[in-house]
Amino acid sequence: MAELTVQNLGGVVVNVAPGQTVLAALHVARVDWMHACGAKGRCTSCRMIVVEGAENLAPETAPEMRFRNNGRLKPNERLTCQTQLTGPVSCRVPHQTKLPHISYNK
C-alpha cells in the first residue's frame with residue numbers, strides 16, 4: 001500500500017491500495033473530498049495539488065491529459081478520481097475546492 005498525506009487536513013494519512021484511485025481511498029478512510037461529477041473524470045473538482053512524491057503517481061489518464069491540454073489542470077495537479085499511487089505522496093486540497101464544513105490548516 002502507498003500512503004497519501006493531505007497536508008492541509010491536519011496531515012491526515014490515507015492508505016491507497018494497488019489499483020485503487022486516491023478518491024476511492026479517501027472515501028474508504030471517511031475523508032470528505034469534493035467530487036462533483038461522481039468520480040467519472042468529467043470535471044476537475046476532485047483535484048489535488050501534489051507537493052511531494054510526484055514520481056510515485058501512475059501515468060496521467062486520458063481525462064487528465066485533456067484537462068491539462070485545455071489549461072484546467074496545473075502541472076502540479078492531478079485528479080483524485082483518476083490517480084493511482086505507486087509510493088508515498090503528499091498533497092494539499094486546492095483553495096477552490098475546499099468544502100465549507102471542513103477546517104483546513106495552512
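**Strand pairing, helix packing and cysteines in the predicted model**

In the predicted model, glutamate 3 stands opposite asparagine 15, a residue of strand 2. This pairing belongs to an antiparallel arrangement in which strand 1, residues 2-6, is joined to strand 2, residues 12-16, by five bridges. The two strands form a hairpin with five residues between them, and within that turn glycine 10 adopts a positive phi of about 70°.

Further along the chain, helix 2 spans residues 62-69, and its buried residues are Pro63, Glu64, Phe67 and Arg68. These residues lie on the same side of helix 2, because the arc that they cover around the axis is only 135°. In an α-helix there are 3.6 residues a turn, so residues three or four places apart point the same way. The buried residues of helix 2 pack against strand 4, which comprises residues 77-79. Glycine 71 follows helix 2 and has a positive phi, near 80°.

The count of disulfides in the model comes to zero. Cysteine 37 takes part in no disulfide, and the nearest cysteine sulfur to it, that of cysteine 43, is 3.7 Å away, whereas a disulfide is assigned to cysteine sulfur atoms within 2.5 Å. Cysteine 43 is likewise in no disulfide, its nearest cysteine sulfur being that of cysteine 37. As to their surroundings, cysteine 37 counts as partly exposed because its relative accessibility is 22%, while cysteine 43 has a relative accessible area of 15% and is therefore buried, the cut-off for burial being under 20%.

Definitions and conventions:
Residues are numbered from 1 along each chain as its sequence is written. This is a predicted model: local features need pLDDT of at least 70, side-chain atom pairs count only at pLDDT 80 or more; totals for chains, interfaces and linings use all residues. Side-chain values use heavy atoms; hydrogens and water are left out. Two strands pair if DSSP finds at least two bridges between them. Helices (H or I, at least four residues) and strands (E, at least two) are DSSP runs, numbered from the N terminus. Buried means under 20% relative accessible area, exposed over 50%, partly exposed in between (1.4 Å probe, protein chains only). The arc is that of the directions from the helix axis to the C-beta atoms. Contact means heavy atoms within 4.5 Å.
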